[in-house]
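Thanks for coming, everyone. Have the sequence and the model open while I talk. I'll go feature by feature.

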Amino acid sequence: MRKRLIRLGAGAVLFAAAAAATYMRAFESQILEAAAFLIPYIIVGYKVIFKAVRNILNGKIFDENFLMAVATMGAFVVGDYPEAVAVMFFYQVGELFEDYAVGKSRKSIAQLMNIRPDYANLKTEKGVEKVSPEQVKVGDIIVIRPGEKVPLDGIVVSGHSTVDTAALTGESLPRDVSEGNEILSGCINLSGLIEVRTEKEFGQSTVSRILELVENATSQKAKTENFITRFAAVYTPAVVGAAVILAVIPPLVIEDAAFSDWAYRALSFLVVSCPCALVISV
């Protein structure tokens, strides 16, 4: 993230310098102007171009990287250098915010994983034994000392305490539990020693089911995402085909129509039609 910020910052500074020089007409030739904008363009957008080339070699031609690369390179061809750099820069800024949001989500998931109990204090005829939560059966009595995590769902049969349920419910205030109260796995016992009769096995307990849902979520696609995958397979080739028609047909059938004008319109159409916002929204 830090390297990307430095890269985008350097690109923004060079882009601003090139734009200022263009405004003051400091470039002696169009080649120098193009070179001045090409440097921030490469700094900001080289990853997009690399992904587009890699996907083409892998047989996946029509995606947002392809559209961005074609549109921005075309802008250079028609002489709209600032537009090419600006489009790539703002696209990368959007990607930056997306990655930041994903990173925050991963940190939240990592914190959630801390609620998993490492052991359970099983009460037996020989005394209290520290065992794996998977070994505890329904109806067994477990002992939960102050500061320990509740390993399984159950009913308090002895003792009184307060438990921290923030990891499960988001409640900032501890909740009092006493004999006869239900207690959920994943909570933290804060004060007194309590004994709990388990009502569920570890695999069916609250904390286990939460962790299972989180772990499986990344391997499953939402209905919207499945729709976007099917949609992009049709939409992207159609957009590229329409842009080619827009660039080629009008100059051939309209008198005095300049090819550069229609090429510019076709490239603008590609940029506007690129479904980046739709993809990011998923």
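One term before anything else. Buried means under 20% relative accessible area, exposed means over 50%, and partly exposed is what lies in between. Keep in mind that this is a predicted model.

Let's apply that straight away. Is Phe90 buried or exposed? Phe90 has a relative accessible area of 57%, so it is exposed. Phe89 sits at 17%, so that one counts as buried. Those two rings also pair up, and I'll get to that with the aromatics.

Aromatics, then. How many aromatic pairs does a search of the whole structure find? Five. Take Phe15 and Phe37. Their ring centres are 6.1 Å apart, with 65° between the planes, and the pair is edge-to-face. Phe15 belongs to helix α1, residues 2-23, and Phe37 to helix α2, residues 30-57, so this pair ties together parts 22 residues apart in sequence. Now back to Phe89 and Phe90. Their planes stand at 70° and their centres lie 5.4 Å apart, so this pair is edge-to-face. What about burial for the helix pair? Phe15 is buried, at 18% relative accessible area. Phe37 is buried too, at 0%. There is also a cluster. Ring pairs link Phe15, Phe37, Tyr41, Phe76 and Tyr81.

On to the sheets. One open sheet has six strands, in the order β2-β1-β3-β9-β4-β7, with antiparallel pairing. Which strands are at the edges? They are β2, 127-131, and β7, 182-183, and each pairs on one side only. Inside that order, look at β1, residues 120-124, and β3, residues 141-144. They are antiparallel and share two bridges. To find the register, put Leu122 opposite Ile142 of β3.

There is also an open sheet of three strands. Its order is β6-β5-β8, and the pairing is antiparallel. Why do β6 and β8 each have a side without a neighbour in the sheet? Both stand at the edges, β6 at 175-177 and β8 at 188-189, and each has a single partner strand, so one side stays unpaired. Strand β5, residues 161-164, runs antiparallel to β8, and two bridges join them. Here Val163 faces Asn189 of β8.

Next, charges. Side chains of opposite charge can pair when their charged atoms come close. A search of the whole structure finds four salt bridges. I'll show three.

Start with Lys123 and Glu195. Their closest N and O atoms are 3.1 Å apart. Lys123 lies in β1 and Glu195 in β9, residues 194-198, so the bridge ties together parts 72 residues apart in sequence. Lys123 is partly exposed at 40%, whereas Glu195 is buried at 18%.

Next, Glu148 and Arg145. The closest N and O atoms here are 3.7 Å apart. Glu148 counts as buried, at 13% relative accessibility. Arg145 is partly exposed, at 35%.

Then Glu199 and Arg197. They meet in a salt bridge at 3.7 Å, N to O. Glu199 is partly exposed at 38%, and Arg197 is partly exposed at 33%.

Now the surface. Which residues make the nonpolar surface patch of about 770 Å²? Val244, Ile245, Val248, Ile249, Leu252, Val253, Ile254 and Phe259. Helix α7, residues 223-253, gives the largest share, six residues. Ile249 is in that helix, and at 40% relative accessibility it counts as partly exposed.

A quick stop at Ser208. This residue is in helix α6, residues 206-217. At 14% relative accessibility, Ser208 counts as buried. What does Ser208 contact, leaving aside its neighbours within four places in sequence? Phe202 and Gly203.

Last topic, backbone angles. Most residues other than glycine have a negative phi. Two residues to look at here. Arg25 has a positive phi, near 55°. Arg25 sits in the loop between α1 and α2 and is exposed, at 75%. Asp256 also has a positive phi, about 65°, and is not a glycine. Asp256 is in the loop between α7 and α8, the latter being 259-273. Asp256 is exposed, with a relative accessible area of 75%.

That's my tour. Questions, please.

Conventions: Residues are numbered from 1 along each chain as its sequence is written. This is a predicted model: local features need pLDDT of at least 70, side-chain atom pairs count only at pLDDT 80 or more; totals for chains, interfaces and linings use all residues. Side-chain values use heavy atoms; hydrogens and water are left out. Two strands pair if DSSP finds at least two bridges between them. Helices (H or I, at least four residues) and strands (E, at least two) are DSSP runs, numbered from the N terminus. Patches are made of residues with over 30% relative accessible area and no salt bridge: like charges are joined within 9 Å, nonpolar side chains (Val, Leu, Ile, Met, Phe, Trp, Tyr) within 5 Å. Accessible areas come from the Shrake-Rupley method with a 1.4 Å probe; for residues, only the protein chains shown count as cover. A salt bridge is a side-chain nitrogen of Lys or Arg within 4 Å of a carboxyl oxygen of Asp or Glu. Buried means under 20% relative accessible area, exposed over 50%, partly exposed in between (1.4 Å probe, protein chains only). Contact means heavy atoms within 4.5 Å. Rings of Phe, Tyr and Trp (its six-membered ring) pair if their centres lie within 6.5 Å; planes under 30 degrees apart count as stacked, over 60 as edge-to-face and the rest as tilted.
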